[in-house]
Amino acid sequence: MRTLLFVLLALFATPALAQGWDHYENGRLGYGIDIPPGFSGNGESDNGDGQSFYSEDGGKVLLVWGGNLMGPFESEVASTIYSAGESGWNIAYEAVTPRWASFSGVKGSRIFYQRMVMLCDGTSYAAFRAEYSAADAGEMDAVIEKLVLTLKASAC
């Protein structure tokens, strides 16, 4: 009975989570991602690789960008994780495959979660990084799940 109740709640929660989400599409590198409600962008970066989005209260940041790989995808990811550690983040989680990577870290009362995906051409990637207070972790878990699902190449 409990399982049935959980499944029903999950089915009704999913449409609610989708309400109010916008979509960001990057034409230069060919990727897209859904943007959560309550986040506003400050316009495309000068080089057209992405955009920064901020929550209404300013406590949550969502950076979305892409770039050209300087070597194998896994090396790019390793370098990014290393840089985060050098910047004082304690890396708490990492999962790396040949086509995608996710990792997160903690610094004081702040948390970050980053996702990187290789794009269709095999020479570029798209990424997002969400940074928020540990107090917002429960709320952000569902947001992160949707961001992970929607970060993808526009077309292959």
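Which residue in E9 does Leu63 stand opposite? In this predicted model, the E9 residue facing Leu63 is Arg129. The legends below start with the sheet around this pair.

**View 1. Seven strands line up in an open, antiparallel sheet.** Read across the sheet, the order is E3-E4-E5-E9-E8-E7-E6. Strand E3 (39-44) and strand E6 (90-96) sit at the edges with a single partner strand each, so one side of each has no neighbour in the sheet. On average, and ignoring direction, neighbouring strands here are turned by 15° against each other. Look for E5 and E9, which are joined in the antiparallel sense by 8 bridges.

**View 2. Two helices lie across strands of the seven-stranded sheet.** Helix H2 (residues 73-86) crosses E5, E6, strand E7 (100-107), E8 and E9, and runs at about 165° to E8. Helix H3 lies across E5, E8 and E9, with an angle of about 170° to E9.

**View 3. A second open sheet is built from 3 strands.** Its order is E1-E2-E10, again with antiparallel pairing. The edges are strand E1 (22-26) and strand E10 (152-153), each of which pairs on one side only. Between E1 and strand E2 (residues 31-35) you can find 5 bridges, and Asn26 has Tyr31 in E2 as its bridge partner. Helix H3 (residues 137-150) also lies across E2 and E10, at about 160° to E2.

**View 4. The largest nonpolar core holds 24 residues.** The members that touch the most others are Leu62, Val64, Phe128 and Ile144. At least two core residues come from each of E2, strand E5 (61-68), strand E8 (110-118), strand E9 (124-133) and H3. The top contributor is H3, which gives 5 residues. To see how Ile144 fits in, set aside its neighbours within four places in sequence: Ile144 is then in contact with Tyr113, Phe128, Ala130 and Tyr132.

**View 5. A separate, second core contains 13 residues.** Among them are Phe73, Ala101, Met118 and Tyr125.

**View 6. Residues 1-17 have pLDDT under 50.** Over this stretch the model has 1 contact beyond four places in sequence. Where pLDDT is low, predicted coordinates should not be read in detail, so please treat a close-up of such a region with care. For the protein as a whole, the average pLDDT is 89, and 88% of the residues score at least 70.

Technical notes:
Residues numbered from 1 in each chain as written. Predicted model: local features only at pLDDT ≥ 70, side-chain atom pairs only at ≥ 80, totals over all residues. Heavy atoms only, no water. Pairing = 2+ DSSP bridges. Helix = DSSP H or I, 4+ residues; strand = E, 2+ residues; numbered from the N terminus. Contact = heavy atoms within 4.5 Å. Axes fitted to C-alpha atoms, helices over the stretch in contact; angles between N-to-C directions. Core = buried A, V, L, I, M, F, W, Y, C linked by side-chain atoms within 4.5 Å. Buried < 20%, exposed > 50% of the residue type's maximum accessible area, 1.4 Å probe, protein only. pLDDT = per-residue confidence, 0-100.
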